[in-house]
Amino acid sequence: MNNSTVTHAKIKRTVIELVQGDITEQDVDAIVNAANNTLLGGGGVDGAIHRAAGPGLVAATKKLGGCATGDAKISGGYNLKARHVIHAVGPMYRVGDPNSPKLLASTYRRSLEVAAQNEVKTIAFAAISTGVYRYPLGESAKIALQTVCDFVSAKNSIKLVRFVLFTEEALAEFQGALDTMTRERDDLNYA
Ligand code: APR
């Protein structure tokens, strides 16, 4: 599956892209996996990334010692085009729990920090927590875009942040959140 329906926006020197596609096929420095606390693989995008990367990936993640919710750790990309996989653990969504948005924002922020520390210039995110962990897509999109915009506007090292949305619905929700955010922020504009 190739990427389709690309939307570009720009914030300072960073391009924000929305595409519908498969994250395992992305030719970027790092892809961000929606992992669980064990980092040993699972279903959804985690399973797809482990299948595409091959057995070297789980051998590497076994050495990472797990990961707390809201945090992220990095490994090589093995058979993927991406040189790195950033394993990020989002929260399970709980209705009305103020920790859910805080933890989701932390997951995106920590992924970007780990990326910047490893000289990652181009990064692709899956929509963390929006599958098995049941985070509503629209709410997750707002948090994801806000966190990315705040990070790149303060720190300019990442050139491209691509959100790879698996379904038309996910793309539409991210598109809606990006439309709102371009109206709300002076520093974010469609390119
Ligand atoms: N490329 C991009 N996005 C994908 C792909 C793919 N190949 N496959 C699935 N997705 C999307 C889903 O449609 C969803 O929007 O990734 C998003 C996240 O869904 P999940 O993979 O279910 O991740 P999450 O909700 O964070 O749950 C994490 O699932 O399998 C496990 O080990 C993982 O236990 C952890 C849990």
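**Helix packing and the largest pocket**

In this predicted model, helix H4 (residues 137-154) and helix H5 (residues 168-184) bring their axes within 9 Å of each other and cross at roughly 50°. That angle falls outside the 65 to 115 degrees counted as roughly perpendicular, and H4 and H5 are therefore oblique to each other. The crossing itself is right-handed. On the H4 side, the residues that meet H5 are Leu-137, Gly-138, Ser-140, Ala-141, Lys-142, Ala-144, Leu-145, Gln-146 and Cys-149. Facing them from H5 are Glu-169, Ala-170, Glu-173, Phe-174, Ala-177, Leu-178 and Met-181. Sorted by class, this H4-H5 contact comes out at 10 nonpolar, 3 polar and 3 charged residues.

H4 also packs against helix H3 (residues 99-117), with the two axes coming within 9 Å and crossing at roughly 40°. H3 and H4 are therefore oblique to each other as well, and H3 passes H4 in a right-handed crossing. From H3, the contact draws on Pro-101, Leu-104, Ala-105, Tyr-108, Arg-109, Leu-112, Glu-113 and Ala-116. H4 answers with Ser-140, Ile-143, Ala-144, Thr-147, Val-148 and Phe-151. The class tally for H3 with H4 is 10 nonpolar, 2 polar and 2 charged residues. Ser-140 and Ala-144 of H4 turn up in both contacts, meeting H5 and also taking part in the contact with H3.

Helix H1 and helix H2 (residues 55-62) pack in another arrangement: their axes lie 5 Å apart, at an angle of about 115°. That makes H1 roughly perpendicular to H2. Here Ile-49, His-50 and Ala-53 in H1 meet Pro-55, Leu-57, Val-58 and Thr-61 in H2. The H1-H2 contact holds 5 nonpolar and 2 polar residues, and no charged ones.

H1 comes up again at the largest pocket, which has a volume of about 580 Å³. The pocket is lined by 27 residues, and the closest to its centre are Ala-34, Gly-44, Val-45, Ala-127 and Gly-131. Helix H1 (44-53) and strand S7 (160-165) each supply at least two residues of the lining. H1 gives the most, with 4 residues. As for chemistry, the lining of this pocket has 15 nonpolar, 10 polar and 2 charged residues.

Taken together, H4 is oblique both to H5 and to H3, while H1 sits roughly perpendicular to H2 and also contributes 4 residues to the lining of the largest pocket.

Methods:
Residues numbered from 1 in each chain as written. Predicted model: local features only at pLDDT ≥ 70, side-chain atom pairs only at ≥ 80, totals over all residues. Heavy atoms only, no water. 1 Å grid on protein atoms, 1.4 Å probe; cavity = no way out; pocket = protein on both sides within 12 Å on 5 of 7 lines; lining within 4 Å. Points joined across faces, edges and corners; volume = space filled by probe spheres on them. Nonpolar A, V, L, I, M, F, W, Y, C, P; charged D, E, K, R; others polar. Axes fitted to C-alpha atoms, helices over the stretch in contact; angles between N-to-C directions. Parallel < 35°, antiparallel > 145°, perpendicular 65-115°, else oblique. Left-handed = near helix turned anticlockwise from the far one by under 90°. Contact = heavy atoms within 4.5 Å.
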